[in-house]
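Subject: Handover of a structure and notes on its features

Dear colleague,

Please find below the structure that I am handing over to you. My notes on it follow directly after.

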Amino acid sequence: MPTRDEMASNKWLEPIAHRFLSPELWRFTRRSVPRGVALGLFCAFIIPVGQIFLAAFMALPARANVPLSAIATFITNPFTFPFWIVVANRVGSFILKIDAAAGGLAGEELQGERGRLLAEFFQTAGVTAFGFLVLAVVTASIGHVVSSWSWRYIVARRRSRRLARMEADLDRKLEANKQ
């Protein structure tokens, strides 16, 4: 991933560099991390190509973490995309409950084998596209909740460790003063 300085010197980003390179978009905070994860997961499923750039540019108005939104899009990559196509088709079919009768009616209206095959293709493509939309919304929601809970857990664990260290230091100092 390019650094902030490399992005600032890019001629294509020059018109929006002041907005895109704002430090708040690159910090890991309790609000920007879940937004970045959710935005990246949404963009990963909503379009098949260019999702990294879409997630990075959508992070601007959402004030989401840019690196996390770009990294989260890698859930759909060339190796996992066939798996996600099958999952999206199954999810779309389950939600829409499209059965063989609907395909039969469309096939009867179009004459010939070629027309029936075309109708079945568009039916399958529509179901899969709807499944991708459902996956985008569901994974973004789950990603936001999980990353928010994880952030709170990590911060609470660090705080308890720091308090335990401070308490141990204080106990040592009090024992040293007693002797």
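What span should the 12 residues of H4 have at 1.5 Å a residue, and how far apart are its end C-alpha atoms? The expected span is 16 Å, and the end C-alpha atoms of H4 are 16 Å apart, so the two agree. Please note that the model is a predicted one.

Overall composition

The protein chain contains 8 helices and 0 strands. Along the sequence, its pattern reads α-α-α-α-α-α-α-α. The chain has 179 residues, of which 30% count as buried. About 12,500 Å² of the protein chain is exposed, and 65% of this area comes from carbon and sulfur atoms. If one takes the contacts between residues at least 6 apart in sequence, 73% of them join residues at least 24 apart.

Helix H3

Helix H3 covers residues 32-46. Its 15 residues should span 21 Å at 1.5 Å a residue, and this agrees with the 21 Å between its end C-alpha atoms. Because 12 of the 15 residues of H3 are buried, this helix is largely enclosed by the rest of the structure. Among the buried residues are Ser32, Val33, Pro34, Gly36 and Val37, and further along the helix Leu41, Cys43, Ala44 and Phe45.

Val33 deserves a separate remark. This residue of helix H3 has a relative accessible area of 8%; the limit for a buried residue is under 20%, so Val33 is buried. Apart from neighbours within four places in sequence, Val33 is in contact with Phe28, Asn65, Leu68, Ser147 and Trp151. The C-alpha atoms of Val33 and Ser148 lie 7.6 Å apart in space, while the two residues are 115 residues apart in sequence.

Ser147, one of the contacts of Val33, is located in helix H8. With a relative accessibility of 11%, Ser147 counts as buried. Its contacts, again leaving aside neighbours within four places in sequence, are Val33, Pro34 and Val37.

Helix H4 and the loop that follows

Helix H4 comprises residues 51-62. Its buried residues are Gln51, Ala55, Ala56, Ala59 and Leu60. Phe53 also has its place in H4, but its relative accessibility is 59%; exposed means over 50%, so Phe53 counts as exposed. Together with Ile16 and Phe57, Phe53 forms a nonpolar patch on the surface, and the accessible area of these residues together is about 290 Å².

Just after H4 comes Arg63, with a positive phi of about 55°. Arg63 takes this positive value although it is not a glycine. The residue sits in the loop between H4 and H5. At 45% relative accessibility, Arg63 counts as partly exposed.

Is Asn65 buried or exposed? Asn65 has a relative accessible area of 0% and is therefore buried. This residue is found in the loop between H4 and helix H5, which covers 66-72. The side chain of Asn65 reaches the backbone nitrogen of Leu68, at a distance of 3.0 Å. If residues up to four places away in sequence are not counted, Asn65 touches Leu25, Trp26, Arg27, Phe28, Ser32, Val33 and Gly36. Ser32, Val33 and Gly36 in this set are among the buried residues of H3.

Salt bridge in helix H8

How many salt bridges does the count come to? The count is 1 salt bridge. The side chains of Asp169 and Arg172 meet in a salt bridge, with 2.5 Å from N to O. Both residues lie in helix H8, which covers residues 112-178, and they are 3 residues apart, about one turn of the helix. Asp169 has a relative accessible area of 34% and is therefore partly exposed. Arg172 has a relative accessible area of 56%, so Arg172 is exposed.

With kind regards

Note on methods. Residues numbered from 1 in each chain as written. Predicted model: local features only at pLDDT ≥ 70, side-chain atom pairs only at ≥ 80, totals over all residues. Heavy atoms only, no water. Helix = DSSP H or I, 4+ residues; strand = E, 2+ residues; numbered from the N terminus. Expected span 1.5 Å × (residues − 1). Buried < 20%, exposed > 50% of the residue type's maximum accessible area, 1.4 Å probe, protein only. Patch = residues over 30% accessible without salt bridge, like charges linked within 9 Å, V, L, I, M, F, W, Y side chains within 5 Å. Areas by Shrake-Rupley, 256 points an atom, 1.4 Å probe, with all protein chains shown as cover. Salt bridge = Lys/Arg side-chain N within 4 Å of Asp/Glu carboxyl O. Polar contact = N/O pair within 3.5 Å; in protein donor to acceptor, adjacent residues only side chain to side chain. Contact = heavy atoms within 4.5 Å.
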